[in-house]
Amino acid sequence: MNYSRFLTAISAARKPSPIRILTELQQRSPPSLISLAGGAPNPDTFPFESAVIKVKNGPAVSFDEVAMKRALQYSASNGIPELLMWMKNLQKELHDPPTAVYSPDRGQMDVCVTTGSQEGLCKIFEMLVSPGDDILLDSPTYPGTLAALQPLGCNIVNVPSDQHGMIPAALEEVLSRWDRSDVLRPKVLYTIPNGGNPTGASMTTQRKKEVYELARMYDMLIIEDDPYYFLQFQKPWAPTFLSMDVDGRVIRTDSFSKILSSGLRIGFVTGPKPLVDRVVLHIQASTMHTSTFTQLMVSQLLHSWGRDGFLHHTDGVIEFYRRQRDAMISSAEKWLTGLAKWHAPSAGMFLWLELTGVRDTRNLIMEKALEKEVLLVPGSAFTVDGGEPCPYVRAAFSLSTPEQIDEAFRRLAGLIREAS
């Protein structure tokens, strides 16, 4: 793969920080090394001495004085070594990517830690998307993606999707607008393959294979944004794009926000080493690194659990959200039959509702629903042109109790009847 052709001028111009290199070199050196190079503050001046964090159904995470000094200090931009190793092993075990045994120039799989998967996404977009570029993505899509892309001056090209995710035939039709030899053809395809926000759609294995073959045919990179991977309700889980990647053309973002904590801000990017290295250079120049404290806290937890313990924990999280999903579907059938259409999601946290007889849900949700003390998200929030009429709303089943969900849909049903 010629990765240089995918890079923006800004990303290609990034150089390693000599200070960051020295800092990371010092952290890997023996205690006998005397360094006058680093500009790190002296941890003896920090007010925090130790911490013990209780864990549900497991040993506490503890920081003695030595560990706390490390937790409160600068660390490597790509992540602390023990967390990186754990994540790399997890990716190999879950996805068995062909690129794990490749050389770096062929797209060897690498991993870096990011401050939530959103930081990884933003840095990937800024690495790959230049003004005037065409980028392909699901329609509708996650507003955070639109917020990251629109300031870059690119052309967002929607690819139609349904309850099974991006439609390969529709992607092929969109791509047919460009000749395969056209240097201005799209370089990047972005998709949320599982429990997509807002639709809850999950791509089938067959669709992923067809989309990957189209990416090969048109020499595109695939950004596999998969924050709901660990919230798939049925096993076995479908193979990922990463697991199919024989070329080193998939760059993937994962998140611990939905399964460990959203406030810890721990995500990770997996992909070809030449591209992950570019993301790390951007981290060096911006956030420097994800919080060392939260990395060490998560690393301790994961190492005490092991892979099986981690997956056992995710099974419990999945079961919770499955029950929440079932409660929302039950209430939808009770109150919204004949007033809305939907498909039960097989992953994630969202139900995508098409309201019957309502051309645009914006005023209904932002004004009338608020008066009735029920809040959803109008579908226009997930479209490139938010001004177009949209009959959809997104309902989240993550936080509300089944009783609250039922009452919310009762109120919504009354509003739909009034509006139609």
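Two strands count as paired here if DSSP finds at least two bridges between them. Helices (H or I, at least four residues) and strands (E, at least two) are DSSP runs, numbered from the N terminus. This is a predicted model, where local features need pLDDT of at least 70, side-chain atom pairs count only at pLDDT 80 or more, and totals for chains, interfaces and linings use all residues. Residues are numbered from 1 along each chain as its sequence is written, and side-chain values use heavy atoms, with hydrogens and water left out.

**A four-strand sheet**

With pairing defined, let's start with an open sheet of four strands, in the order β11-β12-β14-β13, with antiparallel pairing. β11 (340–341) and β13 sit at its edges with a single partner strand each, so one side of each has no neighbour in the sheet. Two bridges hold β11 and β12 together in the antiparallel sense. If you want to find that pairing on screen, look for Ala340, whose bridge partner in β12 is Leu355.

Leu355 also turns up around Thr361, which is in the loop between β12 (350–355) and α12 (362–371). Besides Leu355, Thr361 touches Pro378, Gly379, Cys390, Pro391, Tyr392 and Val393, not counting residues up to four places away in sequence; contact means heavy atoms within 4.5 Å. Is Thr361 buried or exposed? Thr361 counts as buried because its relative accessibility is 0%. The cut-offs are under 20% relative accessible area for buried, over 50% for exposed, and partly exposed in between (1.4 Å probe, protein chains only).

**A covered strand**

Now move to β3 (residues 109–114), where six of the six residues are buried. In a regular strand the side chains alternate between the two faces of the sheet. On β3, one side carries Met109, Val111 and Val113, the other has Asp110, Cys112 and Thr114, and all of these are buried. β3 runs antiparallel to β10, and six bridges join the two. One handy marker is Val111, whose bridge partner in β10 is Thr270.

**A long-range meeting point**

Which residues does Leu281 contact, leaving aside its neighbours within four places in sequence? They are Arg14, Lys15 and Pro16. Leu281 belongs to helix α10 (residues 273–285), and at 11% relative accessibility it counts as buried. Leu281 and Pro16 are 265 residues apart in sequence, yet their C-alpha atoms are 6.0 Å apart in space.

**Backbone oddities**

Most residues other than glycine have a negative phi, and most peptide bonds are trans. Here are four places that go the other way.

| Place | Feature | Angle | Loop |
|---|---|---|---|
| Asn197 to Pro198 | cis peptide bond | omega about 25° | Pro198: between β7 (188–191) and α8 (205–217) |
| Lys235 to Pro236 | cis peptide bond | omega near 0° | Pro236: between β8 (221–225) and α9 (241–244) |
| Arg265 | positive phi | phi near 60° | between β9 (250–255) and β10 (267–272) |
| Glu373 | positive phi | phi about 60° | between α12 and β13 (377–378) |

As for solvent, Arg265 is partly exposed at 31% relative accessibility, while Glu373 counts as exposed at 66%.

**The chain as a whole**

Zooming out, the chain has 13 helices and 14 strands. Its radius of gyration is 23 Å, which agrees with the value near 22 Å that a compact globule of 420 residues would have. That radius is taken over C-alpha atoms, and the globule rule is 2.2 Å times the number of residues to the power 0.38. Along the principal axes, the C-alpha trace spans about 75 × 55 × 40 Å.

Of the 420 residues, 51% count as buried. Among contacts between residues at least 6 apart in sequence, 73% join residues at least 24 apart. The chain exposes about 19000 Å², with carbon and sulfur atoms supplying 54% of it; accessible areas come from the Shrake-Rupley method with a 1.4 Å probe, and for residues only the protein chains shown count as cover.

Finally, the charges: there are 42 positive and 46 negative side chains, and the centres of the two sets lie 1 Å apart. Lys and Arg count as positive and Asp and Glu as negative, while His and the chain ends are not counted. The place of a charge is taken as NZ of Lys, CZ of Arg, CG of Asp or CD of Glu.
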